[in-house]
Amino acid sequence: MPFTPATDTTLRASDFGGGQFDASYARLPQRFYARLKPTPVRNPRIVKLNYPLAEELGLDPKRLDGDVGAAFFAGNHVPEWAEPLAMAYAGHQFGHFVPQLGDGRAILLGEIIGRDGTRRDLHLKGAGQTPFSRRGDGRAALGPVLREYIISEAMYALGIPTTRTLAAVTTGEPVLRETTLPGAVLARVAASHIRIGTFEYFAARGDDEAIKVLTDYALTRHYPALQGASNPALALLEAVCDSQAALVARWMQVGFIHGVMNTDNMTISGETLDYGPCAFMDTYDPETVFSSIDHHGRYAFGNQPRIAQWNLARFADTLLPLLADHHEKAVALAEETINQFPERFERYWQDGMRCKLGLTSEQSDDASLLQSLLYLMKQHADDYTNTFRLLCAVAEGGEAPSGYESWVTRWQSRLGQERYSPQEAATLMRANNPAFIPRNHRVEAAINAAVKQGDFAPLEALLVVLSTPFAQKPAHTAYANPPAPHERVHQTFCGT
């Protein structure tokens with residue numbers, strides 16, 4: 001049953017000031033989800049509405065920034081165009097397979113078709129219990145909701161494919177975690193919420209028909225140019241491998257650590273999903289781990305490419321029945337594709353890192369030049385983001401950092417082989433080396449002020465800085481500072 005975008009069910013809703021809506025996932029077979037409505041909350045209130053995103057989606061943010069929007073984003077009011085459901089999926093969590101996970105606290109309302117014609121899911125996270133809740137309360141706390149808002153919008157500004165937050169709403173109800181916390185709902189948009197774990201859910205049940213339906217749907221929605229491929233499943237596998245190689249390379253180029261790269265958190269679209277125990281690295285060290293639940297460093301900064309390949313191998317496993325009529329042939333095609341991942345990743349990684357160093361041409365010694373720089377960063381325990389930003393000034397004749405003099409001489413010799421001026425090199429570098437990232441201590445401070453004191457001013461100030469991460473502004477200088485010893489964040493936590 002291939003997916004076809006609806007033409008007769010697309011609705012306009014005056015309450016939203018416009019916008020086009022659909023629910024294509026709800027037209028897939030019933031075993032793909034559980035239909036149910038969000039659980040209403042006591043007193044919804046919008047604490048943050050993403051005005052630019054709302055406008056991009058064709059919505060009127062002024063109409064949404066009030067009682068109507070609060071009731072909608074909290075799940076109290078389900079619009080006529082929505083067909084709410086909880087998606088079914090499985091997943092490998094820290095390497096261990098769980099055959100049924102699913103949306104345990106989230107509801108997919110449907111899809112918004114934006115001004116540019118792009119189709120995006122609208123997902124309410126923290127919208128109540130579902131058949132997949134596994135004894136969870138189905139709710140979200142305000143802190144993790146604000147964290148996802150901050151990090152996802154920062155990633156968007158950095159040019160990294162990501163889900164985005166449309167709104168954060170408080171519920172007027174407490175949630176119980178280690179302590180009692182204010183409850184909240186996150187309204188998230190995504191290219192889709194189809195994960196590797198979605199395919200694993202059906203593979204675990206031997207449901208080859210569902211995998212075929214899901215493959216057709218994913219190709220139509222995310223890779224329409226590949227629909228006519230002679231081997232659609234192989235085309236999908238190759239496309240997802242490529243998109244994930246590019247994504248993880250971009251993460252690492254800005255020092256991002258996902259923190260929980262389970263297969264249920266890896267999207268088919270190639271967007272970053274789930275901002276639970278994620279963090280940005282301060283001092284460079286490939287073994288850096290922040291997640292409180294990653295006790296053995298499985299998802300450390302430097303392990304991310306290897307884990308991505310492992311996850312993609314699990315995706316390939318689910319597609320074997322579609323890859324070829326004979327199992328041996330299917331395995332060979334899958335292995336060939338998965339084994340190409342390191343080369344794909346390295347290409348994206350090297351290309352991006354060259355830009356960070358002001359280089360546009362490729363030379364055989366570039367990898368050695370880069371690794372020598374990273375070695376020095378680790379040896380001197382230097383800040384990853386600030387070291388690259390400092391090199392932008394060095395490219396224009398600034399003083400080399402202490403201990404880097406020999407490396408800078410080598411790098412400047414390499415720059416001399418490019419066909420542009422030092423100023424042009426510095427311009428390229430500043431466009432690829434952010435001055436500002438969501439520093440963990442800044443994120444925690446903004447969240448604590450909002451949750452504990454009801455003060456959202458630090459959050460608003462931080463979001464302004466992060467919206468233009470490559471623009472060095474004197475008024476924002478303090479936001480580039482690494483944490484003082486007493487400000488260091490050593491662990492980040494999942495919001496469940």
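1. Start at the hairpin of β8 and β9: five residues sit between the two strands, and G117 takes a positive phi near 85 degrees there. Keep in mind as you look that this is a predicted model.

2. Now follow the two strands of that hairpin. β8 covers residues 106-113 and runs antiparallel to β9, with seven bridges joining the pair. If you want one spot to check the register, find G110, which stands opposite L122 in β9.

3. β9 has another partner too. Strand β12, residues 180-190, is joined to β9 by five bridges, and these two strands also run antiparallel. Here a handy marker is H123, which stands opposite R188 in β12.

4. With those partners in mind, how many residues of β9 are buried? The strand spans residues 119-125, and seven of its seven residues are buried, so to speak a mostly covered strand.

5. It's worth looking at β9 one face at a time, as both faces are covered. On one side you'll find R119, D121, H123 and K125, and on the other R120, L122 and L124, all of them buried. That puts L122, the residue opposite G110, on one face, and H123, the residue opposite R188, on the other.

6. Last, hop over to a separate spot, Q309. You'll find Q309 in helix α8, which takes in residues 304-323. What does the side chain of Q309 reach? It reaches the backbone oxygen of I338, at 3.0 Å. Leaving aside residues up to four places away in sequence, Q309 touches I338, N339, F341 and P342. So I338 turns up twice for Q309: in the list of touched residues and as the owner of that backbone oxygen.

Notes: Residues numbered from 1 in each chain as written. Predicted model: local features only at pLDDT ≥ 70, side-chain atom pairs only at ≥ 80, totals over all residues. Heavy atoms only, no water. Helix = DSSP H or I, 4+ residues; strand = E, 2+ residues; numbered from the N terminus. Polar contact = N/O pair within 3.5 Å; in protein donor to acceptor, adjacent residues only side chain to side chain. Contact = heavy atoms within 4.5 Å. Buried < 20%, exposed > 50% of the residue type's maximum accessible area, 1.4 Å probe, protein only. Pairing = 2+ DSSP bridges.
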